[in-house]
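Me: I am new to this structure and would like one part of it examined closely. Please begin with a small portion, follow the chain outward from there, and explain each term as it comes up.

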Amino acid sequence: MTPKPTSIILDWGTSSLRAMLVSGSGETIDTKETSSGGIQFVKDGAFEAALMEAVGAWFTAHGPLPVIASGMITSRNGWLEVPYVDTPGGVGELARGTRTQTLANGAVVTFLPGMRNPAAKPFPDVMRGEETQIVGFGLEKDRTLVLPGTHSKWARIKNGRIDGFQTYATGEVFALLTKHSFIAKAEEPAPGSEPNWAAFDRGAEFAASNEAAADAFLSAIFSARTGVLDGKLKPQDIMDYVSGLVIGSEFRQARAAGWFKDGDAIGIVGNNILNSRYSRIAPLFRLSVDIGPADAAKRGIMLIAAEAAR
């Protein structure tokens, strides 16, 4: 028997919109995703029309279900700007920071806030969406989590709240290097192919080694070229080699910033591809890893929304 839907959850970002039709127990009944539905494609602020185009059929079939919206849709470029909640903060603080709006069909949209770390240097750090993954991972145990991505986040859970976090633009730097530098001339792996783990490990191991000075990242990147010239790397190795260098450098800088120490257990919350890369590097820094649930964001969104509804 198909469970009864009780809400619609939106992960509405800059470039895409992902919607989930969800039951009261959290089961995903249906999903819709569009790469042309991100907020950058919505003209003249017509967000309600864009939402109806994406999930109007669900409203027609099930009535004006409540909607919970997370991501860049709550930024100043989105539908309704929701102020950040400062760290330290947990489910209660995030719930109190929500805003609501009623649609023409009577459905209520709850917009979730992002988080701001006022203690970050040189300026306060921010995130919008990742906090739901952290909440969905669980706030019960004090620990450090890493959320791999275009802008990776290292976050500390303490006393049941998100105590602070720091952003590393790792994914974006990798994209820039592999599309707009000498590395862009390298041979790209076939779509869907297994990573060249030997090349990845070589880059990661150097980044983690005592041979790599803490401030040697800019020099290390050039080794992608000299490795080929010296016959130690093949052109098809370069992408994975650079990936290992970049992520390994992120770990090195996170350690220097105090996000972990030798022997710690960290949590990793992200997609399977990046999880495997980060999990592979963690032992080089004497870390053990707990992988978060694949539906961490959905769990977090539902917990925050339930608290907001009380």
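Reply: In this predicted model, three strands form an open sheet of mixed pairing, in the order S5-S8-S9. At its edges stand S5 (85-86) and S9 (125-127), each of which pairs on one side only. Strands, like helices, are DSSP runs numbered from the N terminus, with at least two residues of type E for a strand and at least four of type H or I for a helix, and two strands pair if DSSP finds at least two bridges between them. Residues are numbered from 1 along each chain as its sequence is written, and side-chain values use heavy atoms, with hydrogens and water left out. Because the model is predicted, local features need pLDDT of at least 70 and side-chain atom pairs count only at pLDDT 80 or more, while totals for chains, interfaces and linings use all residues.

Within this sheet, S8 (residues 115-117) runs antiparallel to S9 and is joined to S9 by three bridges, and Met-115 has Met-127 in S9 as its bridge partner. The loop between S8 and S9 holds Pro-122, and the peptide bond leading from Lys-121 to Pro-122 is cis, with omega near 0°. A cis bond with omega near 0° also links Thr-87 to Pro-88, and Pro-88 lies in the loop between S5 and helix H2 (91-96).

Further along the chain comes a helix pair. The axes of H3 (residues 130-137) and H9 (residues 296-308) come within 6 Å and cross at roughly 90°, where axes are lines fitted to C-alpha atoms, for helices over the stretch in contact, and angles run from 0 to 180 degrees between N-to-C directions. H3 and H9 are therefore roughly perpendicular to each other; angles under 35 degrees count as roughly parallel, over 145 as roughly antiparallel, 65 to 115 as roughly perpendicular and the rest as oblique. On the H3 side the contact, meaning heavy atoms within 4.5 Å, involves residues including Thr-132, Val-135 and Phe-137, and on the H9 side residues including Ala-296, Arg-299 and Ile-304. By class, the residues of this contact divide into seven nonpolar, four polar and one charged; here Ala, Val, Leu, Ile, Met, Phe, Trp, Tyr, Cys and Pro count as nonpolar, Asp, Glu, Lys and Arg as charged, and the others, Gly among them, as polar.

A second open sheet follows. Its five strands lie in the order S12-S11-S10-S13-S14, and the pairing is mixed. S12 (161-168) and S14 (288-291) are at the edges with a single partner strand each, so one side of each is left without a neighbour in the sheet. Direction ignored, neighbouring strands of this sheet are turned by 25° against each other on average. S11 (residues 152-158) pairs with S12 in the antiparallel sense over seven bridges, and Ile-157 stands opposite Ile-162 in S12. Asn-159 sits in the loop between S11 and S12, with phi near 55°, a positive value in a residue other than glycine.

On the other side of the order, S13 and S14 run parallel and are joined by four bridges, and Ile-266 has Val-289 in S14 as its bridge partner. The chain passes from S13 through H8 to S14 in a right-handed β-α-β crossover, a term that applies if, with the strands pointing away from the viewer, the path from the first strand over the helix to the second runs clockwise. Asp-264, in the loop between H7 and S13, touches Arg-286, Leu-287 and Ser-288, not counting residues up to four places away in sequence.

H7 itself lies across S10 (143-147), S11, S12 and S13 (265-268), at about 35° to S11. H7 (residues 238-256) also packs with H6 (residues 217-229) at an angle of about 165°, their axes 10 Å apart, which means that H6 is roughly antiparallel to H7. In this contact there are 10 nonpolar, two polar and no charged residues.
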